Amino acid sequence: MNEIIASMAGNVWKVLVKPGDQVEEGQDVVILESMKMEIPIAAEVDGVVKDVKINEGDFVNEGDVIVEVE
């Protein structure tokens with residue numbers, strides 16, 4: 001199991017994946033909004049999305065787990 005974490009604090013602007021989706025290394029899975037900038041968060045490994053821990057509009061802190069990939 002691999003965890004994708006938030007690289008900085010911000011609001012979840014867009015969730016681009018759902019459980020069961022196939023993802024590839026480097027593929028954007030979530031877009032955060034912080035200080036009026038959009039920050040894409042990418043998968044670090046190939047795999048299948050097991051769980052999405054956040055919803056659009058949520059606030060996350062740096063280091064929070066946002067997506068689990070297996």
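This is a short talk on one sheet, one turn, one core and a set of salt bridges in the structure above.

A word on the source before we start. This is a predicted model.

Let's begin with the sheet. It is open and has four strands, in the order 5-4-2-7. The pairing is antiparallel. Which strands sit at the edges? They are strand 5 and strand 7, and each of them pairs on one side only. Strand 7 covers residues 59-60. For anyone new to sheets, strands pair through backbone hydrogen bonds, either parallel or antiparallel.

Now look at strand 4 and strand 5. Six bridges join them, and the two run antiparallel. Strand 4 spans residues 28-34, and strand 5 spans 37-42. Find S34, which belongs to strand 4. Its bridge partner in strand 5 is M37.

Stay with S34 for a moment. Is S34 buried or exposed? It has a relative accessible area of 11%, under the 20% cut-off, so it counts as buried. What does its side chain meet? A polar atom of that side chain lies 3.1 Å from the backbone oxygen of A9. Beyond its neighbours within four places in sequence, S34 is in contact with M8, A9, G10 and I39. So A9 turns up twice, in the polar pair and in the contact list.

Next, the loop between strand 4 and strand 5. M35 is in this loop, and K36 is there too. Check the backbone angles here. M35 has a positive phi of about 55°, and it is not a glycine. K36 is not a glycine either, and its phi is positive at about 65°. Both side chains are worth finding on screen. M35 is exposed, because its relative accessible area of 64% is over 50%. K36 is exposed as well, with 81%. Compare S34 in strand 4, which is buried.

On to the core. The largest nonpolar core has 18 residues. Which residues have the most contacts inside it? They are I4, V29, V30, L32, I66 and V67. Strand 4, strand 5, strand 6 and strand 8 each supply at least two residues of this core. Strand 6 is 47-52, and strand 8 is 65-69.

Take V67 as an example. Setting aside neighbours within four places in sequence, V67 is in contact with N2, E3, I4, V29, V30, V49 and D51. Keep D51 in mind for the last part.

That part is charge. Side chains of opposite charge can pair when their charged atoms come close. How many salt bridges does a search of the whole structure find? It finds three.

One joins K18 to D21, with the closest N and O atoms 3.1 Å apart. K18 is exposed, at 52% relative accessible area.

Another joins K53 to D51, at 3.2 Å from N to O. K53 also forms a salt bridge with E68, where the closest N and O atoms are 3.6 Å apart. E68 is in strand 8, and K53 is in the loop between strand 6 and strand 7. They are 15 residues apart, so to speak a link between distant parts of the chain. Together, D51, K53 and E68 make a network of salt bridges.

How exposed are these three? K53 is partly exposed, at 42%. D51 is partly exposed too, at 27%. E68 is buried, because its 12% falls under 20%.

Note on methods: Residues numbered from 1 in each chain as written. Predicted model: local features only at pLDDT ≥ 70, side-chain atom pairs only at ≥ 80, totals over all residues. Heavy atoms only, no water. Buried < 20%, exposed > 50% of the residue type's maximum accessible area, 1.4 Å probe, protein only. Polar contact = N/O pair within 3.5 Å; in protein donor to acceptor, adjacent residues only side chain to side chain. Contact = heavy atoms within 4.5 Å. Core = buried A, V, L, I, M, F, W, Y, C linked by side-chain atoms within 4.5 Å. Pairing = 2+ DSSP bridges. Salt bridge = Lys/Arg side-chain N within 4 Å of Asp/Glu carboxyl O.
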